[in-house]
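Student: I am new to this structure and would like a close look at one part of it. Please take the salt bridges, and say where the partners sit and what surrounds them.

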Amino acid sequence: MNTSPAVNYAQRLLEESGLTSSHEPIDVMLVSIFLEEHYRLNGRLGRLATEKDDTFRLSTDSGNYLVKVSPPDEAEAVVALQTAAMRYLETTASHLPVQRVKLTADADDHVTIRLNDGRTRILRVFDFVEGQVLADANPDAERLSKAGEMLGLIDVALRPFTHPADRRGLAWDIRHFHQLTELVEHTPSPEHRRLAQSVFRLFGENIVPRLTDLETQVIHGDFSPYNIVVDPQSDHFVTGVIDFGDTVRSAVIFDPAVPMANLLGRTPDHPWRDACAFAAGYQRERPVQASELPLLPVAALARLTLRALITNWRAERAPERREYLLGHAKDDWINIERSLTVSLDDVVAHLRETRHGHS
């Protein structure tokens, strides 16, 4: 058994991120009782599929809400960080369409559920953001640029925000990518392993030496196409921003790198086109430092590789969810391969071009 410090670090990080636990769904009746008692809310609860917590859509006579119950192994301080970031944005940047936290009848932003085994879970209620998610919208370059602007605005608003738990350990935080090389062992395809090694090499050469001096702040952390609600008819395009579950203090460039990773390879002949369109919009509102711009494509590749690796690792651990997990990331390796065929110098040159005049 490999017990090297790197493996132990990786294991601890995956545990802290709630990715190692087997999830036991919470009883719906219990959730209903808490909603009635603390929020004075009655209605129909419909369970929604999510990565690790219990999530429900609550339909009431007065409207719809999103109800989340944190996993038993997620630290209360980490849940508090997520809620605090959302409430901070509501207070300091109320014009941004960030999902709102609903307070209890006693004006608290959460309720603690104590389980019989002594563990606790945190129940929170949010406004339900209606609409289509970006993943289903097939946006053009102009709309992707508007989505980029929205993340830029959020990061500008979050700049001064701090929280005692904002330095949490999170496997999805790109800053830890180089410490998760052991995940390659869980990837069955030799070709995929080779692609992963190429990205680890790029990350090791370009980003690792700079990690300590990159500009940092609290970031959204998961501005993925499933967490952006849009209205193609609206001038603003983005009408809702949801899911602050991966909020963390990290390098600023790692925030736009997440949506860029999700957009890689969407246009096979120009694998970086959509990612660059998003980055152009982001930089109009929150310019990336000139010295850090060349790291952005590497960070995007790292994030996409990280998702592919974690997906394989989780599919191996949870065979009953294998199909769902692998289906969600089925094109990741193809998109990594496509993106690596393009000279990253050319991508950086394009990013600089679109940035020019917006610094």
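Tutor: What follows starts with the whole chain, goes through the salt bridges, and ends with the parts around them.

The model is a predicted one. The protein has 359 residues, and 52% of them count as buried. Its secondary structure comes to 11 helices and 11 strands. The radius of gyration is 20 Å, close to the 21 Å that the globule rule gives for 359 residues, so the protein is as compact as a globular protein of that length. Along the principal axes, the C-alpha atoms fill a box of roughly 60 × 55 × 35 Å. Among contacts between residues at least 6 apart in sequence, 75% join residues at least 24 apart.

Now the salt bridges. Side chains of opposite charge can pair when their charged atoms come close. The cut-off used here is a side-chain nitrogen of Lys or Arg within 4 Å of a carboxyl oxygen of Asp or Glu. By this rule the model has 16 salt bridges.

Take Arg284 and Glu149, whose side chains meet in a salt bridge with N and O 3.0 Å apart. This pair links distant parts of the chain: Arg284 belongs to helix H7 (residues 273-285) and Glu149 to helix H4 (residues 141-158), 135 residues apart. Arg284 counts as partly exposed because its relative accessibility is 35%. Glu149 also counts as partly exposed, at 22% relative accessibility.

Another salt bridge is formed by Asp166 and Arg249, at 3.1 Å from N to O. Asp166 lies in the loop between H4 and helix H5 (190-206), and Arg249 in strand S11 (residues 248-251), so the pair ties together parts that are 83 residues apart in sequence. Are these two residues buried or exposed? Both Asp166 and Arg249 are buried.

Arg286 and Glu215 also form a salt bridge, and their closest N and O atoms are 2.9 Å apart. Here the linked parts are two loops, with Arg286 between H7 and helix H8 (296-317) and Glu215 between H5 and strand S8 (216-219), 71 residues apart. Arg286 is buried, with a relative accessible area of 2%, while Glu215, at 21% relative accessibility, counts as partly exposed.

Salt bridges can also share partners, and in this way Arg47, Asp54 and Arg121 are joined into one network. Asp54 is placed in strand S2 (residues 54-60). Asp54 counts as buried because its relative accessible area is 3%, and buried means under 20%. A polar contact of 2.5 Å joins the side chains of Asp54 and Arg121. The side chain of Asp54 also reaches the backbone nitrogen of Ile26, at 3.3 Å.

Next come the surroundings, beginning with helix H4, which holds Glu149. The 18 residues of H4 should span 26 Å at 1.5 Å a residue, and the end C-alpha atoms are 26 Å apart, which agrees. The buried residues of H4 include Leu144, Gly148, Met150, Leu151, Ile154 and Leu158. Which elements do the buried residues of H4 pack against? They pack against helix H3 (76-92), S8, strand S10 (238-241), helix H6 (254-263) and H7. H7 is also the helix that holds Arg284, the salt-bridge partner of Glu149.

Ile154 of H4 leads on to the nonpolar interior. The largest nonpolar core has 88 residues, and those with the most contacts inside it are Ile154, Phe254 and Trp272. The largest share of this core, 12 residues, comes from H8. Leaving aside neighbours within four places in sequence, Trp272 is in contact with Leu264, Pro297, Ala300, Leu301, Ser339, Val342, Leu344 and Val347.

Apart from this core lies another, of 16 residues, among them Ile26, Phe34, Leu41 and Tyr65. Ile26 is thus named twice, since its backbone nitrogen is also reached by the side chain of Asp54.

Last is Leu45, in strand S1 (residues 44-48). Leu45 is buried, with a relative accessible area of 16%. Leu45 and Arg57 are 12 residues apart in sequence, and their C-alpha atoms are 5.7 Å apart in space. Not counting residues up to four places away in sequence, Leu45 touches Val28, Val31, Ser32, Leu35, Phe56, Arg57, Leu58 and Val67.

Definitions and conventions. Residues numbered from 1 in each chain as written. Predicted model: local features only at pLDDT ≥ 70, side-chain atom pairs only at ≥ 80, totals over all residues. Heavy atoms only, no water. Helix = DSSP H or I, 4+ residues; strand = E, 2+ residues; numbered from the N terminus. Buried < 20%, exposed > 50% of the residue type's maximum accessible area, 1.4 Å probe, protein only. Expected span 1.5 Å × (residues − 1). Contact = heavy atoms within 4.5 Å. Core = buried A, V, L, I, M, F, W, Y, C linked by side-chain atoms within 4.5 Å. Polar contact = N/O pair within 3.5 Å; in protein donor to acceptor, adjacent residues only side chain to side chain. Rg over C-alpha atoms; globule rule 2.2 N^0.38 Å.
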